[in-house]
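This briefing sets out selected structural features of the model shown below. The points are grouped by topic for reference beside the coordinates.

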Amino acid sequence: MPGPPSADCCYVGVDVGSCSVRAALVTRDGCVKATAEEPIAVWTPQPDHYEHSSADIWRKCCSSVKKVTEGVEKDRVRGIGFDATCSLVVLDQNFQPVAVNKDGVKERNVVMWMDHRALDQASRITATGHSVLTSVGGVMSPEMQPPKLLWLKENLRESCWKEAAHFFDLPDFLSWKATGSLARSLCTLICKWTYSPSEGWNDNFWTSIGLEDLVENNHSKIGEQTCCPGSPVGGGLTREAAADLGLNPGTAVGASLIDAHAGGLGVIGADVSGHHLPCENQPVTSRVALICGTSSCHMAVSQKPLFVPGVWGPYLSAMVPGLWLNEGGQSATGGLIDHVVKGHAAFPLLKEQAEKSGQHVHSFLNRYLEELSKDKKHLDLLTDGLHVWPDFHGNRSPLADQSLKGMVVGLTLSQTLDDLALLYLATLQAVALGTRHVLDAMREAGHDITTLFLCGGLSKNPLFVQMHANVTGLPVVLPAEREAVLVGAAVLGACASCDCSSIQEAMEKMGKVGKVIRPNLDLASFYRKKYAVFLRLYVHQREYAALMRD
């Protein structure tokens, strides 16, 4: 066990997202001192297939960590924590990559979280009605691991399935790579693999869906040992991993988290004293952490298990030990906004004007909308005749229907920059209305939610944040450190080093409030109507599908 921490000790947080690896050096009180980012390769061999390389990801983890610790005495780094997307890593018995594609390219051995190749397998698993489905809102998502595993067995039996000896969730792969330990985090196993912390693996489930091979040898392919997030993994960094990362052998490694859950740790426990928020002097169960990037996750905790139809969970100790987690989500948010903006005919003009003004395209659009709304009392009212249903990549929550498609009502023949700006605004509102839809489902099941805590890339867009406040009618808290996901990852390292006695203590010490955005209550009536239209769009889509089937 490491000795007592020095005043200048620090921790490293590593976050593996959809397109890049990021690392941060974080102090004991949660201040980010250095960050680094490296792109990672993404392959899309055919529609709905998205793949990574685990070797590429590890290389980028190492180079990022070396950058943020450059010039720092190694003894000051007390611990390291990893978070990552819930992607599926496949290795053989010698821990070498196994191809997850029909091209047979072994380097591409990771099925990304957003890969929807297993839609049919997910539907068939849902149709079994197995008891394990109660913890995933009653519906198996193609973004979880069982359908992806079944797809690999059914479609790549010879080239992949028979060669595979180890199936990892990406966060657990990183812990193994760092420590040599095959122990899996309860976060990944409970949330994405149907594991029960009280009962373990359900062998009947695996057998009933045709994956009885995973039960063999005490579940050696999917994990025999488990550990709580933030607990020390193995003996810390192995000599090989320490050399790769530029740190000391034996440096504490915290059991990993899914990226959204790390974001939750980075924001949800912050001390809100003096900010006059409805969650002040209330338990953490009155808060929801919204982690918004390419996709979005809505993390709510409760003292007792609450079953929310179409929302994942309840999961015991999957994020905060001792508390039950419900996880709502939207499969495409930042990805949808980019798709809408870049796919518009006026995008080249937008890009040109944004570059001339030295602004990001979103910042340019935000100011452009302010100009457009000069004659209106509120910018939000510009879209009273333009409505978007945002499920261009299916609905994760609360409808849990991946067959749903996107919808836009109110288009004209015009393709000007004005039209692009309005469609951008309507899309931001649609994403926020999707959050309201998730929160309504959570409240109906018993959650008492009073405050939103946002982090992730989209939380840096002030119009996106204000739309969430206005649409939900709730105050939005932004963290003092914009890289809250990285702070959450560093919390794991702080716990593993024993510098903090618990996840709760670490997230309170290292998470801090930066800014509070209040809702404009004058818009409550407008958004009541907008939300009614939003819900009607779903009803209409179902009606149209039924008409075409008849």
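An open sheet is built from four strands in the order β4-β7-β6-β8, with antiparallel pairing. Its edge strands are β4 (51-52) and β8 (166-169), each of which pairs on one side only. The model is a predicted one, and the points below begin with this sheet before turning to other strands, a helix, a pocket and selected backbone features.

**The four-stranded sheet and its helix**

- Helix α5 (residues 170-179) packs on the sheet and touches β6 and β8. The direction of α5 makes about 110° with that of β8.
- Strand β6 (residues 88-91) and strand β7 (residues 110-111) run antiparallel and are joined by two bridges.
- In this pairing, leucine 88 lies opposite valine 111 of β7, while valine 89 has valine 110 of β7 as its bridge partner.
- Strands β6 and β8 also run antiparallel, and four bridges join them. Valine 90 stands opposite phenylalanine 167 in β8.
- The side chains of β6 alternate in direction: Leu88 and Val90 point one way, Val89 and Leu91 point the other way, and all are buried.

**Strand β13 and its partners**

- Strand β13 (residues 296-302) is mostly covered, with seven of its seven residues buried.
- Covering extends to both faces of β13. On one side the buried residues are Ser296, His298, Ala300 and Ser302, and on the other they are Cys297, Met299 and Val301.
- Strands β12 and β13 form a hairpin, with three residues between them. The two strands run antiparallel and are joined by five bridges.
- Within the hairpin, valine 288 is placed opposite alanine 300 of β13.
- Strand β13 is joined to β15 by seven bridges, and these two strands run antiparallel. The bridge partner of methionine 299 in β15 is glutamate 327.

**Helix α3**

- Helix α3 (residues 145-155) is largely enclosed by the rest of the structure, because nine of its eleven residues are buried.
- The buried residues of α3 are Gln145, Pro146, Pro147, Lys148, Leu149, Leu150, Trp151, Leu152 and Lys153. Two lysines, Lys148 and Lys153, are thus included among the buried residues of this helix.

**The second largest pocket**

- The second largest pocket holds about 420 Å³ of space. It is lined by 20 residues, of which Ser135, Tyr195, Ser196, Pro197 and Ser198 are the closest to its centre.
- By residue class, the lining of this pocket comprises eleven nonpolar, eight polar and one charged.
- Strand β14 (residues 312-316) gives the most to the lining, contributing three residues.

**Cis peptide bonds**

- Glycine 313 and proline 314 are joined by a cis peptide bond, with omega about 10°. Proline 314 belongs to strand β14, the strand that gives the most to the lining of the second largest pocket.
- Serine 397 and proline 398 are likewise joined by a cis peptide bond, here with omega about 0°. Proline 398 sits in the loop between β16 (387-389) and β17 (407-409).

**Positive phi outside glycine**

- Histidine 276 has a positive phi, near 55°, although the residue is other than glycine. This histidine is in the loop between α10 (259-267) and β12 (287-292).
- Histidine 276 counts as exposed, because its relative accessibility is 65% and the cut-off for exposed is over 50%.
- Serine 317, which is not a glycine, has a positive phi of about 65°. The residue lies in the loop between β14 and β15 (324-330).
- Serine 317 counts as buried, because its relative accessibility is 12% and the cut-off for buried is under 20%.

How values were computed
Residues numbered from 1 in each chain as written. Predicted model: local features only at pLDDT ≥ 70, side-chain atom pairs only at ≥ 80, totals over all residues. Heavy atoms only, no water. Buried < 20%, exposed > 50% of the residue type's maximum accessible area, 1.4 Å probe, protein only. 1 Å grid on protein atoms, 1.4 Å probe; cavity = no way out; pocket = protein on both sides within 12 Å on 5 of 7 lines; lining within 4 Å. Points joined across faces, edges and corners; volume = space filled by probe spheres on them. Nonpolar A, V, L, I, M, F, W, Y, C, P; charged D, E, K, R; others polar. Pairing = 2+ DSSP bridges. Contact = heavy atoms within 4.5 Å. Axes fitted to C-alpha atoms, helices over the stretch in contact; angles between N-to-C directions.
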